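This briefing walks through a single protein chain, beginning with its overall make-up and then turning to a helix, a set of charged pairs and a pocket. Please keep the sequence and the 3D view at hand while reading.

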Amino acid sequence: MDEVLEELLPKGMVVPSSYELVGHIAHLNLRTEHLPHRRLIAQVVFDKNRPKVQTVVNKIDAIQNDYRTMQLEVLAGNHSLVTTVVENGIRFQVDLATVYWNSRLGTERQRLINSFKRGDNVCDVFSGVGPLAIAAAKKVNRVYANDLNPFAVKYQLKNIACNKLQGKVEVFNKDGRELIKEILGRENPAFVTQVVMNLPNDAAEYLGLEIYRSILIQKKL
């Protein structure tokens with residue numbers, strides 16, 4: 001693929017050689033200099049990787065909304081952004097037009113799951129379509145999974161049912177602050193053994209919630 005693009009792109013231009021594969025979708029992250037040639041690049045990626053790749057997209061803008069979704073431009077193949085991802089043997093249905101998914105976090109998710117114990121009760125404050133929550137539910141006692149995005153919650157419920165874990169995951173659709181107050185504010189907050197917050201830009205502000213701070217002190221964490 002690199003050799004073909006080297007021949008087709010202007011001399012001296014860096015060849016975009018990597019992409020994120022999400023199910024049948026190849027997700028490019030092109031530089032500004034590549035944009036005038038984006039459809040050509042996408043067609044080469046499509047032709048060289050089908051049938052595994054059926055759709056090629058490029059991110060138009062950075063994530064700038066509370067639902068953590070991004071604008072994508074379909075550049076080649078079919079226009080379906082609903083796909084099925086298999087991560088660590090578990091199947092997840094996602095719609096990249098309406099929900100957040102990052103395959104590169106798979107290793108970190110597995111690291112966290114490996115640290116959980118059978119008797120744990122895990123609270124995933126920003127759970128998306130459930131990659132961590134559902135994988136954890138196969139191992140731990142119970143999972144509380146939340147996301148502000150109603151589309152993510154919709155797909156998470158589908159994924160829970162698909163993986164036959166309805167009795168292991170309690171799903172919420174609310175602001176993370178409200179979830180923390182509700183779950184960690186229950187009569188026995190020590191019942192929650194781990195809290196996961198996959199929101200790098202804003203997670204620290206949730207640590208400032210008085211109820212959360214007091215619970216952490218009580219548990220001597």
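**Overall make-up**

Of the contacts in the protein chain with a separation of 6 or more, 59% are accounted for by residues 24 or more positions apart. The model is a predicted one, and its protein chain holds 8 helices and 10 strands. Among the 221 residues of the chain, buried residues make up 46%.

**Helix H2 and what covers it**

- Helix H2 comprises the 12 residues 38-49, which at 1.5 Å a residue should span 16 Å, and the distance of 16 Å between its end C-alpha atoms agrees with that expectation.
- The buried residues of H2 are Ile41, Ala42, Val44, Val45, Phe46 and Asn49.
- In an α-helix there are 3.6 residues a turn, so residues three or four places apart point the same way.
- The cover over the buried residues of H2 includes helix H1 (2-8) as well as three strands, namely S2 (25-28), S3 (55-59) and S4 (72-77).

**Glu170 and its surroundings**

- Glu170 is part of strand S9, which runs over residues 169-172, and with a relative accessibility of 25% this residue counts as partly exposed.
- Although Glu170 and Tyr144 are 26 residues apart in sequence, their C-alpha atoms are 4.9 Å apart in space.
- The side chain of Glu170 also meets that of Arg142 in a salt bridge, with an N to O distance of 3.6 Å.
- This pair links distant parts of the chain, since Glu170 belongs to strand S9 while Arg142 belongs to strand S8 (residues 142-146), 28 residues away.
- Arg142, like its partner, falls in the partly exposed class, because its relative accessible area is 24% and that of Glu170 is 25%, where the class begins at 20%.

**Other salt bridges**

- Side chains of opposite charge can pair when their charged atoms come close.
- Across the whole structure, a search finds 10 salt bridges.
- One of these joins the side chains of Lys174 and Glu182, at 2.4 Å from N to O; Lys174 is partly exposed at 25% relative accessible area, and Glu182 counts as partly exposed at 30% relative accessibility.
- Asp175 forms a salt bridge with Arg177, in which the closest N and O atoms are 2.9 Å apart; here Asp175 has a relative accessible area of 26% and is therefore partly exposed, and Arg177, with 29%, is partly exposed too.
- Elsewhere, salt bridges that share partners join Arg38, Arg39 and Glu73 into one network.

**The second largest pocket**

- The second largest pocket encloses about 440 Å³ of space, and 26 residues line it, with Glu20, His27, Asn29, Lys59 and Arg104 lying nearest its centre.
- Strands S1 (20-22) and S2 are the elements that give two or more residues to the lining of this pocket.
- By residue class, the lining of the second largest pocket divides into 14 nonpolar, 7 polar and 5 charged residues.
- Strand S2 thus appears in two of the settings described here, being among the elements that cover the buried residues of H2 and among those that give two or more residues to the pocket lining.

Methods. Residues numbered from 1 in each chain as written. Predicted model: local features only at pLDDT ≥ 70, side-chain atom pairs only at ≥ 80, totals over all residues. Heavy atoms only, no water. Helix = DSSP H or I, 4+ residues; strand = E, 2+ residues; numbered from the N terminus. Buried < 20%, exposed > 50% of the residue type's maximum accessible area, 1.4 Å probe, protein only. Expected span 1.5 Å × (residues − 1). Contact = heavy atoms within 4.5 Å. Salt bridge = Lys/Arg side-chain N within 4 Å of Asp/Glu carboxyl O. 1 Å grid on protein atoms, 1.4 Å probe; cavity = no way out; pocket = protein on both sides within 12 Å on 5 of 7 lines; lining within 4 Å. Points joined across faces, edges and corners; volume = space filled by probe spheres on them. Nonpolar A, V, L, I, M, F, W, Y, C, P; charged D, E, K, R; others polar.
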